[in-house]
Amino acid sequence: MGKLIVKATKLQDVKLITPAVFGDQRGFFTETYSDRDFKAAGIDFNFIQDNQSLSSQAGVLRGLHFQRGQAAQTKLIRVVTGAVLDVIVDVRAGSPTYKQWEGYLLTASNHRQLLVPRGFAHGFLTLTDNVNFLYKCDNYYDAAADGGISFKTPELNINWPIDFDKAITSEKDAAQPTFTEFEQNNPFVYGEI
């Protein structure tokens, strides 16, 4: 129907995608996902699970999360209401962008989507109230394979635009290991995921 704009990012294998949006006085229409159009743009994943979260307040910080081993997931992320700073970290040992992070503004109005390959830790900070956050995965969630890295790990020096004392987070996320602790048993190797 419309043309996708696909941009490479500074992180190896990560893509920022903007679908065509058709608007008039009534609002807008967009195809958020078309297997045919994504494949034509070189994005060929078998997405098998859709997830949605609601964060009711600005200042919610979720992450940094990943799935280990055979449960690793590629994610296609978008925001339906509100705005987030979406942050990903390349945790694939041997990757040209290993241990680098980047943040992306994803909002209901910019319609951007972020393709996050397997082997990245992922998190986000809500910038508005009532954020509906959706993502497709190419693998099913496996609680036994769940992993994470602390969002405030000093080794990564992520520039979150919030005072950590004011961030609204879960006990689980607040207790995640630092990157150095994660590296001691890093399950991800570039080219083997």
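The following paragraphs describe the main pocket, the nonpolar cores and an aromatic cluster of a predicted model. Local features require pLDDT of at least 70 and side-chain atom pairs pLDDT 80 or more, whereas totals for chains, interfaces and linings use all residues. Residues are numbered from 1 along each chain as its sequence is written, and side-chain values use heavy atoms, without hydrogens and water.

The largest nonpolar core (buried Ala, Val, Leu, Ile, Met, Phe, Trp, Tyr and Cys residues joined through side-chain atoms within 4.5 Å) has 19 residues. Leu64, Val89, Val91, Ile149 and Trp160 have the most contacts inside this core. Two or more of its residues come from each of E6, strand E8 (83-90), E11 and helix H3 (179-183); helices (H or I, at least four residues) and strands (E, at least two) are DSSP runs, numbered from the N terminus. A second, separate core comprises 15 residues, including Leu11, Val14, Tyr104 and Phe124. Trp160 touches Phe124 as well, and among its other partners, not counting residues up to four places away in sequence, are Leu61, Leu64 and Phe151 (contact means heavy atoms within 4.5 Å).

Elsewhere, ring pairs link Tyr33, Phe38, Phe45 and Phe47 into a cluster; rings of Phe, Tyr and Trp (its six-membered ring) pair if their centres lie within 6.5 Å, with planes under 30 degrees apart stacked, over 60 edge-to-face and the rest tilted. Phe45 and Phe47 form a tilted pair, 5.9 Å centre to centre with 40 degrees between the planes. Phe45 is partly exposed, at 25% relative accessible area, whereas Phe47 is buried at 16% (buried is under 20%, exposed over 50%, partly exposed in between; 1.4 Å probe, protein chains only).
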